[in-house]
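Let's take a walk through this protein, starting on the inside and working outwards. Have the sequence and the 3D view ready as you read.

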Amino acid sequence: MYEVEVKVPADIETVAERLDELGAEQVDTVIQTDTYYDAPHRNFAETDEAFRVRRETRKGETDAKVTYKGPLLEAESKSREEFETGVENGDDIDAIVQHLGFEPAATVRKNRRVYEVREYDVTLDAVDGVGEFVEVERETDGDIEPVREGAYGVLRDLGLNPDEQQRTSYLGMLLSDANE
């Protein structure tokens with residue numbers, strides 16, 4: 001399965017108003033806390049991979065997931081292979097991966113509002129220490145290009161410019177800002 005994602009900086013309240021005008025349905029509100037890990041056997045920054053434990057809090061309840069993201073597949077979007085699964089206890093999986101030699105690299109925290117627009121998830125993100133962004137994404141097991149072009153169309157409908165796309169991950173932005 002491939003995740004096709006296009007992300008642009010934006011004023012999320014302005015985009016929320018546009019989503020309301022379009023009749024988009026808000027389907028989720030969540031606080032995500034992502035702990036990213038460095039691998040003991042290769043440099044994920046060099047290989048363009050990511051491994052994280054995500055905690056998602058909705059209505060006072062927290063769930064955890066483990067995610068591996070492969071290298072980017074193209075220059076036109078943040079499309080990559082992704083594997084994700086739920087885990088019963090986020091603290092236990094943190095302990096397991098650390099005992100296996102993985103070291104925490106950074107934690108990214110974001111408040112997300114998720115809408116559905118024409119088979120795409122439109123996510124309004126307020127990311128601590130990074131800023132506000134809109135992500136348009138959808139999974140595919142086939143051709144990436146038409147899914148990417150559809151995401152561009154959704155961005156245009158929201159009054160956003162796909163040419164302002166940010167391909168750097170929130171983790172990369174956070175680490176870049178920390179090193180400046």
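What follows looks at the nonpolar core, then the salt bridges, then a patch of charge on the surface. Keep in mind that this is a predicted model.

Let's begin with the core. In soluble globular proteins, nonpolar side chains tend to be buried together. Here, the largest nonpolar core has 24 residues, and the ones with the most contacts inside it are Leu19, Val122, Leu124 and Val134. Quite a few elements chip in: strand 1 (2-9), helix 1, strand 6 (103-117), strand 7 (120-127), strand 8 (131-140) and helix 4 (144-157) each supply at least two residues of this core. Helix 4 gives the largest share, with six residues.

Now for the charges. Side chains of opposite charge can pair when their charged atoms come close. The model has 23 salt bridges in total, so let's pick out a few.

Go to helix 1, where Arg18 forms a salt bridge with Glu21, with 3.2 Å between the closest N and O atoms. Because the two are three residues apart in helix 1, about one helical turn separates Arg18 from Glu21. Arg18 counts as partly exposed because its relative accessibility is 29%, while Glu21, with a relative accessible area of 60%, is exposed.

Which strands does the salt bridge between Arg54 and Asp34 tie together? Arg54 sits in strand 3 (residues 50-58) and Asp34 in strand 2 (residues 25-38), so this pair links parts that are 20 residues apart in sequence. The N to O distance is 2.7 Å, and both Arg54 and Asp34 are buried.

Another pair to find is Glu56 and Arg58, whose closest N and O atoms are 3.3 Å apart in a salt bridge. Glu56 has 6% relative accessibility, so it counts as buried; Arg58, at 28% relative accessible area, is partly exposed. Glu56 and Arg58 also belong to a network of salt bridges, together with Asp28, Arg52, Lys65 and Glu84.

Finally, turn to the surface. Asp11, Glu17, Asp20 and Glu132 form a negative surface patch. One of them, Asp20, is part of helix 1 (residues 12-21). Is Asp20 buried or exposed? With 54% relative accessibility, Asp20 counts as exposed, because the cut-off for exposed is over 50%. So helix 1 turns up in each part of this tour: it supplies at least two residues of the core, holds the Arg18 and Glu21 pair, and carries Asp20 of the negative patch.

Conventions: Residues numbered from 1 in each chain as written. Predicted model: local features only at pLDDT ≥ 70, side-chain atom pairs only at ≥ 80, totals over all residues. Heavy atoms only, no water. Patch = residues over 30% accessible without salt bridge, like charges linked within 9 Å, V, L, I, M, F, W, Y side chains within 5 Å. Areas by Shrake-Rupley, 256 points an atom, 1.4 Å probe, with all protein chains shown as cover. Salt bridge = Lys/Arg side-chain N within 4 Å of Asp/Glu carboxyl O. Lys, Arg positive; Asp, Glu negative; His and termini not counted. Charge placed at Lys NZ, Arg CZ, Asp CG, Glu CD. Helix = DSSP H or I, 4+ residues; strand = E, 2+ residues; numbered from the N terminus. Buried < 20%, exposed > 50% of the residue type's maximum accessible area, 1.4 Å probe, protein only. Core = buried A, V, L, I, M, F, W, Y, C linked by side-chain atoms within 4.5 Å.
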